[in-house]
Amino acid sequence: MRSSVITSTILHCVVLAWAILSISAPASFEVADVEALPVDIVPVEELTQTQQGAEKAEKKDVSAPIPTTRPQTVDNAQNIGDNDVDLKSAPTPITKPTNVEQAAAPEKVEKVQPKQDNETNDVKDVQQEQEVAASEPPPPQEVAKAEPVVKPEPKPEVTPEAKPEPEPAPEKPAEEALPTNVPVPEFKPKQAEAKPETKPVEKPPEKKAEEKPVDKKVEPTKTASIKSDSKSKDDKKKQETAKSKSSKESDFNADDISALLNKTDAKSSGAKRSTQTASLGTKKSNGGSKLSQSEMDALRGQIENNWSIVSGIDGAQGVTIKVTMRLDENGDIIGDPEVIASGGSDAARRTLEGSALRAIMKSRPFKGLPRDKYDAWSEVVVNFDPSQLL
Amino acid sequence: MEQVALEAATHDVSLLGLFMQAGFVVKLVMIGLLGASVWTWAIAIDKYVNFGRARRQFDQFEQVFWSGQSLEELYRTLSERQNHGLAAIFVSAMREWKKSFERGARSPIGLQMRIDRAMDVTLARESEHLIARLSSLATIGSAGPFVGLFGTVIGIMTSFQAIAGSKSTNLAVVAPGIAEALLATAIGLVAAIPAVIAYNKFSGDAGKLTARMEGFADEFSAILSRQIDEKLQPRAAAQ
């Protein structure tokens, strides 16, 4: 026995020694010295519902737009701005007028042609008409137009005419307007032969028939087209395009545009003036409106004041009434309010629904609802517990 | 208060540190439980060795006994030394037998009874020798956790008194006291668990060995009774 006691003691000593050596003090937890972290509960409305203010101003408790500069002109204006008209649109920054020169579109000679267009868009016809219109002009025109049609013939005819260049010149002075135009186009075209012929011939009749001053400016284009006349097919195409253009641009007038444009300055929306210093916010109030509890209670109170509840309805305990109604900006009800009762007995529900509806109809229009929060109460749900009104 | 907190914070939380900081009662409990643990293991080792030896001796003796060797001869060799177990029972029975015949006992019934009685006494002594100190194992096993718990309760009481004194519930003030108190329970469990296991094992072993001795005693009693009959019959016939 003694030996076993000694053995046991030795065993324990060994185990204890091992435990003392190995199971030393555990490493102490070194907690980093962190400052208290404040935690706020932020309703999501704070992020999604913004208030009108200045986009680049400092943040303040209450956001406010840039103060207005002009005196108030409109009574009961709701939207802040320098405008004379109370509009809801967000103010737009004033843009400096860019230096755009709007050249008046050249008035086309073809202006006249729309008349012709009405009938046909066919080149040949037009030409024929022109011919008819200018019936007075003698053979030269006929020759010019005959050229495209009958190729063999024109050559001999043209050449004789082209050669005597001096001839057109004397003609022009007599016809007044044309002199300047004629020489310029002449040089450009390579086929000198045809041009001299045509221009003198065609222009005189047209100008006489139509307005002369207009013609002068546009003449170059016409002359160009006339130049090409010598080559039949090209000519026709050009004429066609010219006519279609003219039909599209029918009555464009740059002067009219400026008159049509609304020149009112859209820099700011509303007519309500603000003197608050600008603070951070958005261009427009964005659903930041929510009926406060007191406003909601005021609405409920208006209905409850007009609500005469007959006491002693069996099973009225536990009836709750939910009223959904759409209101216009004056607080009046649009359409029929929806009254839903739940709980309680069937009869009590029906009775209370009816009395609630009467109370609502009696208390319209509702007063004291903030106009700027119309978004919030345009459709409003009010809950009642009639048992508390008994 | 600040100083107390600082002192508490510098507590030694190692095993030895916890023990040294513990209160007097808790220290006493811990030392007592440590002693109990030592005692438990001492008994366990002792029993293990003894039971193993006893089993070997039983086997040896049975082998010799059933080998056909003369019982007189076996008795002569065994009676000269101290015997345990089966050998002790055999020797006691043979001694009674010899005494009775040397004195010239006449009654076979009385002889049988005396031999049985002698064997019972020896068997009781031997079995008591086997289960000796097992009861202390049982005590340690059942009381150890309670003793440890007592130390823990005392320790926690003192540590709560310390909290009241320091007027601070800082964990640094509370923790060391609770840790040292819990150490008492831990030591109690360390002592009790092996004690319970050892008790169950060795009491079972002792039961088996005792049953084996009883079986041998009965068998030997039967053999001796046959011998008595054989020896007394010729005498009766001669008369």
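Which residue forms a salt bridge with B:Asp59? Select B:Asp59 in this predicted model and look for B:Arg212, whose closest N atom lies 2.3 Å from the closest O atom of the pair. B:Arg212 belongs to helix 8 (residues 171–238) of chain B and B:Asp59 to helix 3, so the salt bridge ties together parts that are 153 residues apart in sequence. Both ends count as partly exposed: B:Arg212 has 25% relative accessibility, and B:Asp59 has 41%.

**Chain B as a whole**

Now colour chain B by secondary structure. The chain has 8 helices and 0 strands. Of its 239 residues, 40% are buried. If contacts are limited to residues at least 6 apart in sequence, 80% of those in chain B join residues at least 24 apart. The exposed surface of chain B is about 13300 Å², and 61% of that is supplied by carbon and sulfur atoms.

**Helices 5 and 6 of chain B**

Next, select B:Glu96 and B:Arg114. Their side chains form a salt bridge, at 3.3 Å from N to O. B:Glu96 sits in helix 5 (residues 86–103) and B:Arg114 in helix 6, so this pair ties together parts 18 residues apart in sequence. B:Glu96 is buried, at 18% relative accessibility, whereas B:Arg114 is partly exposed at 35%.

Stay on helix 6, which spans residues 108–131, and select B:Gln112. Is this residue buried or exposed? B:Gln112 is buried, and its relative accessible area is 17%. Its side chain makes a polar contact of 3.2 Å with the side chain of B:Ser221. Beyond its neighbours within four places in sequence, B:Gln112 is in contact with B:Ser221, B:Leu224, B:Ser225 and B:Ile228.

**The interface with chain A**

Show both chains and select the residues that touch across them. How many residues of chain B are in contact with chain A? There are 15, and they meet 15 residues of chain A. The two chains bury about 1200 Å² between them, with 82% of this area on carbon and sulfur atoms. Highlight B:Leu15, B:Val38 and B:Ile45: these supply 38% of the area that chain B buries against chain A, more than any other three residues.

For polar features, the interface has 5 residue pairs in polar contact and 0 salt bridges. On the chain B side, the elements that give two or more residues are helix 2 (15–21) and helix 3 (24–65). Helix 3 gives the most, with 9 residues. By type, the chain B side divides into 10 nonpolar, 2 polar and 3 charged residues.

**Chain A**

Move to chain A, which has 15 helices and 3 strands. Here 32% of the 390 residues count as buried. The accessible surface of chain A is about 25800 Å², and carbon and sulfur atoms account for 55% of it. Of the contacts in chain A with a separation of 6 or more, 76% are between residues 24 or more positions apart.

The last stop is helix 14 (residues 346–363) of chain A, where A:Asp346 and A:Arg350 lie 4 residues apart, about one turn of the helix. Their side chains meet in a salt bridge of 3.7 Å, N to O. A:Asp346 is partly exposed, with a relative accessible area of 46%, while A:Arg350 is exposed at 55%. Add A:Arg349 to the selection: A:Asp346, A:Arg349 and A:Arg350 are linked in a network of salt bridges. Over all chains, the structure holds 11 salt bridges.

Definitions and conventions: Residues numbered from 1 in each chain as written. Chains lettered and ligands numbered in written order. Predicted model: local features only at pLDDT ≥ 70, side-chain atom pairs only at ≥ 80, totals over all residues. Heavy atoms only, no water. Buried < 20%, exposed > 50% of the residue type's maximum accessible area, 1.4 Å probe, protein only. Contact = heavy atoms within 4.5 Å. Areas by Shrake-Rupley, 256 points an atom, 1.4 Å probe, with all protein chains shown as cover. Buried area = accessible area lost by both parts, 1.4 Å probe. Salt bridge = Lys/Arg side-chain N within 4 Å of Asp/Glu carboxyl O. Polar contact = N/O pair within 3.5 Å; in protein donor to acceptor, adjacent residues only side chain to side chain. Nonpolar A, V, L, I, M, F, W, Y, C, P; charged D, E, K, R; others polar.
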